[in-house]
Amino acid sequence: MHYKISIIVPVYNVEPYIAKCLESIVHQSLKELEIVIINDGSTDNSLNIIEQYSKNYSFIKVYNKSNGGLSDARNYGIKHANGEYLAFVDGDDWIDSKMMEEMYNLGIKHNAEIVFCSLEKVNENNNSIELLPQMPQSKEKIFLKEDFSIFGEMSCFACNKIFKKELFEGITFPKNLHFEDIATIPRLFLKAKTIAKSDKYFYKYFVRTGSITRNYNIKGLDIFEAIKIVKKDFNTCFYSKWTNVWKKFVILQGFYSFLAYYAYVKTPEKSYMFSKLKKLINQEKITKKDIICYTRFAKNYLFSLGIKKKIYYLIQIIKI
């Protein structure tokens, strides 16, 4: 059977949420789907739930492996996927019933290697917490040779996109690295020619009330390693002449995204982490003016933020 999209679902101890996730996937309006579930060594009842779904739906394939982390599970799924496009859905999130059909149709309409949509943060009751629009100023079809600005402004989520499978030839999610999406998604964009987008909020990003999903520590430095991985590909790709866009990429991911993480770090390594940020800014020849004048979605990014965030980033800019 020809699968239009393979949806890869890494699962690790998401027993309370996985049924809702899978319900949203099996009832997609696009029927030519393959669902590839990777049970990454779950120790709760997740495996029993997903095996029951696989009995009820022939297009669900379940693979069991020892725990290796999110990147390892995704890479395993990619190897076993047969779809024309690949998608990634986390086991505690869910998606709109029209997501895969509309995004696939956009991909075919524009001959696009990547299609993306906007995201919505939601709570347990499916109430909206925050809307995360993605490139709202861009057209539905983005021909990268004519408009490469998206590379310096995009969010590096894997979950709100579909990718032509062949883009992953030679590219895997790096194992044991925080910010694996930042190290991977931009590299896929560097191999693409045409991108398509929907402004609809198809992907529902679940935020657990009162939970802390990450320990904020020196692993935050992995974001700089992710940038290093991307830079190697950028320097040898067709788009390498757009050095101004590369600088914008580093400002967004290496400065603003890093500092959003850094704000929560309480460990003794915090000053060392900041020294690494200063080193990156110096190596990339980024000035304070570059950071302050950074624009995203046709707006000055810094001055579009709330007052508390704006003050926080201005203080860090002074310290650079």
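Here are a few questions and answers about this predicted model.

Reader: How far apart are the end C-alpha atoms of helix 4?
Author: Helix 4 runs over residues 99-110, which makes 12 residues. At 1.5 Å a residue, they should span 16 Å. The model agrees with that, because the end C-alpha atoms are apart by 17 Å.

Reader: Which residues of helix 4 are buried, and how wide an arc do they cover?
Author: The buried ones are Met99, Met100, Met103, Tyr104, Leu106, Gly107 and His110. They sit on the same side of helix 4, because around the axis they cover an arc of only 155°. In an α-helix there are 3.6 residues a turn, so residues three or four places apart point the same way. The arc asked for, then, is 155°.

Reader: What residue follows helix 4, and what is its phi near?
Author: Right after helix 4 comes asparagine 111. Its phi is positive, near 55°.

Reader: How many disulfides does the structure hold, and why don't cysteine 117 and cysteine 159 form a bond?
Author: A disulfide needs two cysteine sulfur atoms within 2.5 Å. For cysteine 117, the closest cysteine sulfur belongs to cysteine 159, and at 8.2 Å that's too far for a bond. Both are buried, with cysteine 117 at 0% relative accessibility and cysteine 159 at 5%. The number of disulfides in the structure is 0.

Reader: Is isoleucine 307 buried or exposed, and what accessible area does its patch have?
Author: Isoleucine 307 lies in helix 10, residues 307-319. Its relative accessibility is 57%, so isoleucine 307 counts as exposed. With Ile311 and Ile315, Ile307 forms a nonpolar patch on the surface, and their accessible area together is about 280 Å².

Key:
Residues numbered from 1 in each chain as written. Predicted model: local features only at pLDDT ≥ 70, side-chain atom pairs only at ≥ 80, totals over all residues. Heavy atoms only, no water. Helix = DSSP H or I, 4+ residues; strand = E, 2+ residues; numbered from the N terminus. Expected span 1.5 Å × (residues − 1). Buried < 20%, exposed > 50% of the residue type's maximum accessible area, 1.4 Å probe, protein only. Arc of directions from axis to C-beta. Patch = residues over 30% accessible without salt bridge, like charges linked within 9 Å, V, L, I, M, F, W, Y side chains within 5 Å. Areas by Shrake-Rupley, 256 points an atom, 1.4 Å probe, with all protein chains shown as cover. Salt bridge = Lys/Arg side-chain N within 4 Å of Asp/Glu carboxyl O.
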